[in-house]
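Colleague: I would like to go through this model with you and ask how its labels are justified.

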Amino acid sequence: MAYHMGTECLICEGSPLFFRRASDSHTLFLFCPECDSVWLDPSQLSAEQARFPEFEHRWVIPGTEFRIKGGGARWASGGEIEQVGWGHLVVGTFEESEF
Ligand SMILES: [Zn+2]
């Protein structure tokens, strides 16, 4: 199960932004599964704030030391999203098989 916001990706407009947990098993961020763009703070969603992890750099989020894929990275649970105070931003879910 993957939870998403009502906001579309500001880079590709091809998907809503999903809540994902980083490889440190702790940090939550917003993620576009279409173009792999990342935002660390849902209150600062702009094209300028987007970060672009790349396969060539082991999917590490620029400016951080954690990855969007591998390690403890996975879709954030509803409880994890509530815990960081972002629960009110959730507008829907997808089954992972829908990706
Ligand atoms: Zn995108």
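**Loops, exposure and compactness**

Modeller: Let us begin with W59, which is found in the loop between β4 and β5 (74-75), where strands (E, at least two residues) and helices (H or I, at least four) are DSSP runs numbered from the N terminus. This is a predicted model, in which local features need pLDDT of at least 70 and side-chain atom pairs count only at pLDDT 80 or more, while totals for chains, interfaces and linings use all residues. Residues are numbered from 1 along each chain as its sequence is written.

Colleague: Why does W59 count as partly exposed?

Modeller: A residue is buried if 20 or more other C-beta atoms, placed from the backbone, lie within 10 Å of its own, exposed if 12 or fewer, and partly exposed in between; W59 has 19 such neighbours, so it counts as partly exposed. Its phi is near 65 degrees, a positive value in a residue other than glycine.

Colleague: What makes D36 partly exposed?

Modeller: D36 has 18 C-beta neighbours inside 10 Å, and therefore it is also placed in the partly exposed class. D36 lies in the loop between β3 (28-31) and β4 (38-39), and its phi is likewise positive, near 65 degrees.

Colleague: How do you know that the chain is as compact as a globular protein of that length?

Modeller: The chain has 1 helix and 6 strands. Its radius of gyration, taken over C-alpha atoms, is 12 Å, and the globule rule (2.2 Å times the number of residues to the power 0.38) gives 13 Å for 99 residues, which is close, so the chain is as compact as a globular protein of that length.
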